[in-house]
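Colleague: Mind walking me through this one? I'd like to go strand by strand, then look at the helix and a few odd residues.

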Amino acid sequence: MKKQYKIKWVKALLAVFFVFGLGATFFIFSREPNEVEEKTKEVIKEQKLSDSNPESLSQKNILDSLTTLKLAYDVAILEKTSLSQQLELEKKNIENLMEIIKASKNPSPLQIKVYRKQLSDMKIALESKVAEVKKLKSQNKNLLTEIESQNVVMYQQKTENDTLVSKQKRLESTLKDVSKLVSGNFSVIALREKKSGQELETVKAKNTKKLKMSFSLNGNTVAKTGKRIFYIQVLDQKNKVLGENKLIEFGNNKALVYSFIVAVDFQGKAANVYGVLNADENGFQKGTYFVNFFDKQEIMGSTSITLE
């Protein structure tokens with residue numbers, strides 16, 4: 001009986017402890033979410049208080065203004081003027097100041113004042129640089145217009161010069177053509193000599209003592225007057241140059257082998273020119289002889305004669 005009473009008492013005590021444990025557990029776990037929620041509300045409240053802080057708002061406004069300034073410098077740099085390097089440096093200064101302000105937590109009123117002063121100076125610098133860029137753009141535009149005008153003038157001048165040069169060349173060519181001596185009537189005859197000294201024309205090779213060449217010059221008042229020299233070239237059947245057989249060079253890699261020279265004092269009037277090639281110790285052989293007439297290196301005409 002006593003033993004059963006003890007068992008009941010122990011059971012009752014355990015039941016009390018169990019109930020107490022459940023109550024404590026419920027109290028602890030039910031209180032923890034409330035504390036977390038209260039702490040979260042406090043942080044949010046502190047955040048709102050911080051955001052509503054005048055210094056924090058000023059800090060944010062200054063950063064926004066600096067961002068706008070940076071974008072303005074980007075636009076000015078795109079103009080690609082001689083100030084581009086300076087604009088890049090000013091932009092870098094803005095970026096550096098933005099980094100300093102962002103790193104500053106809860107800036108003091110004095111710091112905000114300094115930031116505002118720097119912002120103001122940067123705005124003034126931007127306005128000055130923008131004015132310079134506009135001035136440079138205007139100068140470049142005027143310079144470009146001036147260059148284009150000069151190019152037009154230079155092109156017109158070049159066109160006029162080309163026209164004058166072309167006219168001058170045509171005039172020189174015309175004068176050269178006009179001043180040329182016109183020659184003609186190229187001829188060659190074989191002459192025999194009688195005992196009396198009289199010369200008669202012949203076609204017999206054995207009787208020929210000399211070949212007489214002649215040509216005429218037309219009158220030309222614009223041609224150069226004075227002594228004029230002409231070269232006569234006589235070729236035999238073997239294409240050998242008879243007579244003096246001398247070489248003369250005229251320049252420009254041009255040369256001539258001639259038989260003899262004839263000269264005339266030209267005074268702008270028509271004239272007849274003669275030249276004679278005497279037979280050598282071998283005399284003239286049967287066959288055809290070719291005669292070429294030259295004014296320096298330029299051939300004027302040709303003729304031939306056949307001796308029987």
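Colleague: How many bridges pair S3 with strand S8 (residues 271-278)?

Modeller: Quick caveats: this is a predicted model, where local features need pLDDT of at least 70, side-chain atom pairs count only at pLDDT 80 or more, and totals for chains, interfaces and linings use all residues. Residues are numbered from 1 along each chain as its sequence is written, and side-chain values use heavy atoms, with hydrogens and water left out. Strands (E, at least two residues) and helices (H or I, at least four) are DSSP runs numbered from the N terminus, and two strands pair if DSSP finds at least two bridges between them. S3 and S8 run antiparallel, and the number of bridges is eight.

Colleague: Which residue of S8 stands opposite serine 214?

Modeller: Serine 214 belongs to S3 and has serine 187 opposite it; strand S1 (residues 183-193) pairs with S3 in the antiparallel sense over seven bridges. In S8, the residue opposite serine 214 is tyrosine 274.

Colleague: How many of the eight residues of strand S3 (residues 210-217) are buried?

Modeller: Buried means under 20% relative accessible area, exposed over 50%, and partly exposed in between (1.4 Å probe, protein chains only). S3 is largely enclosed by the rest of the structure, because its buried residues number seven.

Colleague: Which residues touch the most other members of the largest nonpolar core?

Modeller: A nonpolar core here is a set of buried Ala, Val, Leu, Ile, Met, Phe, Trp, Tyr and Cys residues joined through side-chain atoms within 4.5 Å. The largest one has 26 residues, and the elements giving two or more residues to this core include S1, S3 and S8. Those touching the most other members are Leu211, Met213, Phe215, Leu217, Ile232 and Val234.

Colleague: In what order do the four strands of the open sheet come?

Modeller: The pairing in that sheet is antiparallel. Strand S7 (260-266) and strand S10 (298-307) each have a single partner strand, so they stand at the edges with one side left without a neighbour in the sheet. The order is S7-S4-S9-S10.

Colleague: What is the bridge partner of asparagine 292 in S10?

Modeller: Strand S9 (residues 287-295) and S10 run antiparallel, joined by nine bridges. Within S10, the partner of asparagine 292 is serine 302.

Colleague: How far apart are the end C-alpha atoms of helix H3 (residues 84-103)?

Modeller: The expected span is 1.5 Å times one less than the number of residues. H3 has 20 residues and should span 28 Å, which agrees with its end C-alpha separation of 29 Å.

Colleague: What arc do the buried residues of H3 cover?

Modeller: Ser84, Leu87, Lys91, Ile94, Leu97, Met98 and Ile101 are buried in H3. The arc is that of the directions from the helix axis to the C-beta atoms. They sit on the same side of H3, because the arc is only 140°.

Colleague: Which residues are exposed on the other side of H3?

Modeller: Don't put glutamate 88 on that list: it lies in H3 but is partly exposed, with a relative accessible area of 40%. The exposed ones on the other side are Gln85, Leu89, Glu99 and Ala103.

Colleague: What is the phi of lysine 296?

Modeller: Most residues other than glycine have a negative phi. Lysine 296 has a positive one although it is not a glycine. This residue is found in the loop between S9 and S10 and counts as exposed at 51% relative accessibility. Its phi is about 60°.
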